[in-house]
Structure formats: C-alpha cells, structure tokens
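Colleague: Please take a close look at one part of this chain, namely its nonpolar side chains at the surface and in the interior. I should also be grateful for an account of the charged pairs.

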Amino acid sequence: MSYIDGFILAVPKANKDKFIQHAKTAGAVFMEWGAVRVFECWEDDVPDGKITDFRRAVQATGDEAVVFSWIEWPDKATRDAGMEKMKTTMKSDPRLDPQTNPMPFDRIRVVFGGFAPVVALEA
C-alpha cells in the first residue's frame, strides 16, 4: 500500500514563482528517491472557518497563500529511506541546501505528517 506525506504551508503571494521553482527542484529529488507523485497546490478556494481552517493552521497572513502538498510513495519503507536521504544530503546536495536553494516561505509554520491510506478510490 502506498504511503503519503502531507504538508500545509503559508507562502508569500509575491513568492509564488520562486515557490514553484523550489517545489519543482525538491520534487524532482523526491522522485529520484522513489516517490511516485508529488503535488503542490496553490490556494484557490480556502474559506475561513469558525473554529479552525487551513489559514489558521499555518498562521497565514493576508499577503500569504496556503499551499497544500503531498508526496505519494510506493510504501513506507521507500518513504523512510527517502526522508533519511533528505536529512543526510540537505547540506551536500545543492538542490536541497537552504544556502543555495532557500525556501521561499517560513518553514517553522509548515504542518506536515505521514499517512497510511485507509481508503483509495480511483477512476
């Protein structure tokens, strides 16, 4: 069964193009490491909730967009190996090094987690 890493983050709207380029670069690395699919989704219809919502989850300001992302891996073992590679190569691989490829968002406000699918419906 596949394994999913999910992310919610706030990106300054002025950094949309920088974010897209950053996401393409990082996504290509994840694909090299075994990811099946990588999705980066820019907010389009993200309503404010009465108790909680996506914007509150990442403390997005009015000049920031919410991004909803996920990486699909073939299984948890491949994901764990890929994430371990990320930890060990972040400084040595210029594609992931924050000094040469800075994240165009506040990484402290990223919400993320790993998920085991329990229902998968496909056309």
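Modeller: Val 118, Val 119 and Leu 121 make a nonpolar surface patch of about 400 Å². Such a patch consists of residues with over 30% relative accessible area and no salt bridge, its nonpolar side chains (Val, Leu, Ile, Met, Phe, Trp, Tyr) being joined within 5 Å, whereas like charges are joined within 9 Å. Areas are from the Shrake-Rupley method with a 1.4 Å probe, and for residues only the protein chains shown count as cover. This is a predicted model, in which local features need pLDDT of at least 70 and side-chain atom pairs count only at pLDDT 80 or more, while totals for chains, interfaces and linings use all residues. Residues are numbered from 1 along each chain as its sequence is written, and side-chain values use heavy atoms, with hydrogens and water left out.

Within the patch, Leu 121 is exposed, at 78% relative accessible area; exposed means over 50%, buried under 20% and partly exposed in between (1.4 Å probe, protein chains only). Leu 121 belongs to the segment that follows strand E4 (111-115). Helices (H or I, at least four residues) and strands (E, at least two) are DSSP runs numbered from the N terminus. The chain has 3 helices and 4 strands, arranged along the sequence as β-α-β-α-β-α-β.

In the interior, the largest nonpolar core has 10 residues: Tyr 3, Ala 26, Val 29, Phe 30, Trp 33, Ala 35, Ile 71, Trp 73, Met 83 and Leu 96. Two or more of these residues come from each of helix H1 (16-32) and strand E3 (64-73), and H1 gives the largest share, 3 residues. A nonpolar core is a set of buried Ala, Val, Leu, Ile, Met, Phe, Trp, Tyr and Cys residues joined through side-chain atoms within 4.5 Å. In soluble globular proteins, nonpolar side chains tend to be buried together.

Leaving aside residues up to four places away in sequence, Tyr 3 touches residues that include Ile 71, Trp 73, Arg 79, Phe 115 and Pro 117; contact means heavy atoms within 4.5 Å. A second, separate core has 7 residues, among them Leu 9, Phe 19, Val 67 and Phe 105. Of the 123 residues in the chain, 34% count as buried.

The charged pairs complete the picture. A salt bridge is a side-chain nitrogen of Lys or Arg within 4 Å of a carboxyl oxygen of Asp or Glu, and by this rule there are 10 salt bridges. One of them joins Asp 5 to Arg 79, at 2.9 Å from N to O. Because Asp 5 lies in strand E1 (residues 3-12) and Arg 79 in helix H3 (residues 76-89), this pair ties together parts that are 74 residues apart in sequence. Both Asp 5 and Arg 79 are buried. A network of salt bridges links Asp 5, Lys 76, Arg 79 and Asp 80.

Two further pairs each combine a buried residue with a partly exposed one. Asp 53 and Arg 56 form a salt bridge with their closest N and O atoms 3.9 Å apart; Asp 53 is buried at 11% relative accessibility, and Arg 56 is partly exposed at 43%. For Arg 109 and Asp 106 the corresponding distance is 3.1 Å. Here Arg 109 is buried at 17%, while Asp 106 is partly exposed at 32%.
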